[in-house]
Structures are given as structure tokens and as C-alpha cells.
Amino acid sequence: MDQRRADPRGALVRPYAVTRGRTEPRQDIALEAVLTASPTQVAESRFAGHDKHRIATVCEGRAQSLAEIAAYTRMPLGVARVLVADMVAESLLMLHTAAPAEGFEERMELLGRVLSGLRRL
């Protein structure tokens, strides 16, 4: 039997280890923020660790939101937030922000529409 399946703590320890104990990202990145990686950034990410390389690979040639990155890599959203913020700071990902920040009501409406669309899939 796989050791991680036998010990339920394994699922809790790994995310903590991946982020080196950090739970807050270096910078706040919105769930709908668009991220991309160039072939050069993907190549450089190989030296940043397996998880960061996976994220860069997901973003190569196709713009991805933070929420999509978490889903495609099967990482908890909190872990993806920390790693993606690190990668933006390390120039391993390009962050493309939307137009000027909207108010809270508009953002909640947008997130509601995104969630509704994902549920239809």
C-alpha cells in the first residue's frame, strides 16, 4: 500500500513543505489574473524545483489564471498562490493584470460568473 495513502498526515505536510511553511504570498495575485511563461522562463524554471517547473509548463504558450493553474497542477489554491507569487517575483512567470481595479461588488460578480461557468463544465 502506498505510504501516503496509509498516513492521512501526508496530504497536510506536503503543501506546508512546498511553500516552506509560508501561507501568505509575497504579493496579492487575483484568482482571475492572467499568467504566462515564455520558453526561456520554462527552461529557467527547471532549476527552481519540480512544482515551479510544472506551473511554468502549464503557462507556456497559453495564458492561465491562478485558479486554472491550481486546477491543472492539482495543487491546493493556497499553495499555488504562494508559488505563483514567488515565480512572478523571480521573473519565472509574467503577470498580466486587468484594467484598473474594480470595486468589491464588481469583483464578486465576476467571480460568481467564473464559478458558474466552471460548474457547467
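Which residues lie nearest the centre of the second largest pocket? This is the question of the first exercise below, and the structure to which it belongs is a predicted model.

**Exercise 1. Describe the second largest pocket and its lining.**

Solution. Begin with the general idea that rolling a probe the size of a water molecule over the atoms shows where empty space is left. In the second largest pocket, that space comes to about 280 Å³. Next, turn to the residues around this space: the lining consists of 12 residues, and those that lie nearest the centre are Ser-65, Ala-67, Glu-68, Val-114 and Leu-118. Then ask about the helices, where one finds that H5 and helix H7 (104-120) each supply at least two residues of the lining, while H7, with four residues, gives the most. Finally, sort the lining by class, which yields nine nonpolar, one polar and two charged residues.

**Exercise 2. State how many helices and strands the chain has, and in which pattern they follow along the sequence.**

Solution. The count of secondary structure gives seven helices and three strands. Reading along the sequence, one then meets these elements in the pattern α-α-β-α-α-β-α-α-β-α. Two further values complete the overview: of the 121 residues of the chain, 29% count as buried, and among the contacts with a separation of 6 or more, 71% are accounted for by residues 24 or more positions apart.

**Exercise 3. Work out how helix H5 packs with H6 and with H4.**

Solution. Two packed helices are described by the angle between their axes and the distance between the axes. Take H5 (residues 66-73) with H6 (residues 77-89) to begin with: their axes come within 9 Å and cross at roughly 115°, and the crossing is right-handed. On the H5 side the residues in contact are Leu-66, Ala-67, Ile-69 and Ala-70, which meet Leu-77, Ala-80, Arg-81 and Val-84 of H6. Divided by class, the residues of this contact are seven nonpolar, no polar and one charged.

Now take H4 (residues 50-59) with H5, whose axes are 10 Å apart and make an angle of about 115°, again in a crossing that is right-handed. Here Arg-54, Ile-55, Val-58 and Cys-59 of H4 meet Ile-69, Tyr-72 and Thr-73 of H5. Sorting these residues by class gives five nonpolar, one polar and one charged.

**Exercise 4. Decide whether Gln-64 and Ala-63 are buried, partly exposed or exposed, and list what each of them touches.**

Solution. Start with Gln-64, which belongs to strand E2 (residues 64-65). Its relative accessibility is 2%, and because buried means under 20%, Gln-64 counts as buried. Leaving aside residues up to four places away in sequence, Gln-64 touches Ala-33, Val-34, Leu-35, Val-58, Cys-59, Ile-69 and Tyr-72.

Continue with Ala-63, whose place is in the loop between H4 and E2. With a relative accessible area of 42%, Ala-63 is partly exposed, because that value falls between the cut-offs of 20% and 50%. When residues up to four places away in sequence are again not counted, Ala-63 touches Val-34, Leu-35, Thr-36 and Glu-68. As a last step, consider Ala-63 and Met-94, which are 31 residues apart along the chain and have C-alpha atoms separated by 9.6 Å.

**Exercise 5. Find where Arg-74 and Ser-91 lie, and give the phi value and the exposure of each.**

Solution. Arg-74 is found in the loop between H5 and H6. Although Arg-74 is not a glycine, its phi is positive, at about 55°. Its relative accessibility is 78%, so Arg-74 counts as exposed, the cut-off being over 50%.

Ser-91, in turn, is found in the loop between H6 and strand E3 (94-96). Its phi is near 60°, which is again a positive value in a residue other than glycine. The relative accessibility of Ser-91 is 47%, so this residue counts as partly exposed. To finish, compare distance along the sequence with distance in space: Ser-91 and Gln-41 are 50 residues apart in sequence, and from C-alpha to C-alpha they are 7.6 Å apart.

Definitions and conventions: Residues numbered from 1 in each chain as written. Predicted model: local features only at pLDDT ≥ 70, side-chain atom pairs only at ≥ 80, totals over all residues. Heavy atoms only, no water. Buried < 20%, exposed > 50% of the residue type's maximum accessible area, 1.4 Å probe, protein only. Contact = heavy atoms within 4.5 Å. Axes fitted to C-alpha atoms, helices over the stretch in contact; angles between N-to-C directions. Left-handed = near helix turned anticlockwise from the far one by under 90°. Nonpolar A, V, L, I, M, F, W, Y, C, P; charged D, E, K, R; others polar. 1 Å grid on protein atoms, 1.4 Å probe; cavity = no way out; pocket = protein on both sides within 12 Å on 5 of 7 lines; lining within 4 Å. Points joined across faces, edges and corners; volume = space filled by probe spheres on them.
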